[in-house]
Amino acid sequence: MSISVLIVEDEPAILELISYTCRTSGFQVQKASNVGDARKAIAEKRPDLILLDWMLPDCSGLDWLKELKANPTTDNFPVIMLTARGQEDDRVNGLEAGADDYIVKPFSPRELIARIKAVIRRKGGKEEGEVIRIGPLVIDIDRFEARVSGEPLRLSAVEFRFLALFAKHPGRVYSRAQLIERIWGFSADIDERTVDVHMLRLRKQLSGTEAADFIETVRGLGYRAAALKSSQANS
């Protein structure tokens, strides 16, 4: 089944360019020029991924992203912000609000398709049937599910991939540069502060559970997972 993409963009020329790029790559396309239309599109058919502009006529794309992430029925939607706002603070705000990736206009069509495929891969995992167990934490890669003591965690695609990486290698220290390469790819234009943002969000998801101390900061080096007693990771 082909990937379905909802494009939320109010500039007609850019909307058609993105639509053409996605369609010629084999994706199914839904289009919306404002948040109101985007809500209707989601109600009619749930997309696999949303490409979201920041500046929209009826509501800020960032505000709608926060709305999506606050709703249990839509909080797991993969969302890529596609916007002309390219300052570091804008990128950080987008990621903190729950975006799985952030692309600044103008963009390369090839890069856009590669980013979409990368987010979809991270959401669904790469290896079917792979389950990672470490203490009370169980991660089902194929089902894109993570639980602590049987209770589900609500993770974005990026948070899920971070958690799975650490669970596979408890005790191993990863620098921020290594994490960027493992999660986004060697050529990704991601700064190290972005890693810290996602680590903060992941720790918030783990707080209050038996895995609250699972992610450790190694001062001057990066991050690692606690080597919990009786841990077992399936690679």
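Analyst: Let's begin with the term itself: a salt bridge is a side-chain nitrogen of Lys or Arg within 4 Å of a carboxyl oxygen of Asp or Glu. This is a predicted model, where local features need pLDDT of at least 70, side-chain atom pairs count only at pLDDT 80 or more, and totals for chains, interfaces and linings use all residues. Residues are numbered from 1 along each chain as its sequence is written, and side-chain values use heavy atoms, with hydrogens and water left out.

User: OK, what makes Glu9 and Lys105 a salt bridge?

Analyst: Their side chains come to 2.6 Å, N to O. That is within the 4 Å limit, so the pair earns the name. The two partners sit in distant parts of the chain, 96 residues apart: Glu9 is in the loop between strand 1 (4-8) and helix 1 (12-23), and Lys105 is in the loop between strand 5 (101-104) and helix 5 (109-124). Helices (H or I, at least four residues) and strands (E, at least two) are DSSP runs, numbered from the N terminus.

User: Why is Glu9 called buried?

Analyst: Buried means under 20% relative accessible area, exposed over 50%, and partly exposed in between (1.4 Å probe, protein chains only). Glu9 has 2%, so it is buried. Its partner Lys105, at 17%, counts as buried too.

User: How many salt bridges does the structure hold?

Analyst: There are 13. Another one of them joins Glu111 and Arg115, whose closest N and O atoms are 2.9 Å apart.

User: How far apart are Glu111 and Arg115 in helix 5?

Analyst: They are 4 residues apart, which means about one helical turn separates them. Glu111 has a relative accessible area of 31%, so it lands in the partly exposed class. Arg115 has 13%, so that one is buried.

User: And what makes Glu159 and Arg201 a salt bridge?

Analyst: The N to O distance between their side chains is 2.9 Å, so the definition is met. This pair also links distant parts of the chain, with Glu159 in helix 6 (residues 157-168) and Arg201 in helix 8 (residues 192-206), 42 residues apart. Glu159 is buried, with a relative accessible area of 5%, and Arg201 is buried at 11%. Elsewhere, Glu9, Asp53 and Lys105 are joined into one network by salt bridges that share partners.

User: Which residues does Arg201 touch, not counting residues up to four places away in sequence?

Analyst: Touching here is a contact, meaning heavy atoms within 4.5 Å. For Arg201 that gives Leu95, Glu96, Gly98, Ala99, Ser156 and Glu159.

User: How do you know that Tyr174 is buried?

Analyst: Its relative accessible area is 1%, so it falls under the cut-off. Tyr174 sits in the loop between helix 6 and helix 7 (176-183). Leaving aside neighbours within four places in sequence, its contacts include Leu165, Phe166, His169 and Tyr223. Tyr174 and Thr217 are 43 residues apart in sequence, and their C-alpha atoms are 9.8 Å apart in space.

User: Why does Thr21 count as buried?

Analyst: Thr21 has 7% relative accessibility, so it is buried. This residue lies in helix 1, and beyond its neighbours within four places in sequence it is in contact with Pro109, Leu112 and Ile113.

User: How many cavities of 30 Å³ or more does the search find?

Analyst: It finds 1, with a volume of about 30 Å³. Among the lining residues are Lys69, Phe77, Asp100 and Phe144. By class, the lining has 5 nonpolar, 2 polar and 3 charged residues.

User: Where is confidence lowest and where is it highest?

Analyst: Confidence means pLDDT, the predictor's score for each residue, from 0 to 100. The chain averages 86, and 90% of the residues score at least 70. Confidence is lowest in strand 6 (residues 131-134), at a mean of 84, and highest in strand 3 (residues 49-52), at 96.

User: Over which residues does pLDDT stay under 50?

Analyst: One stretch is residues 125-129, with 9 contacts beyond four places in sequence in the model. Residues 229-235 are also below 50, and that stretch has 16 contacts beyond near neighbours in sequence. Where pLDDT is low, the predicted coordinates should not be read in detail.

Note on methods: 1 Å grid on protein atoms, 1.4 Å probe; cavity = no way out; pocket = protein on both sides within 12 Å on 5 of 7 lines; lining within 4 Å. Points joined across faces, edges and corners; volume = space filled by probe spheres on them. Nonpolar A, V, L, I, M, F, W, Y, C, P; charged D, E, K, R; others polar.
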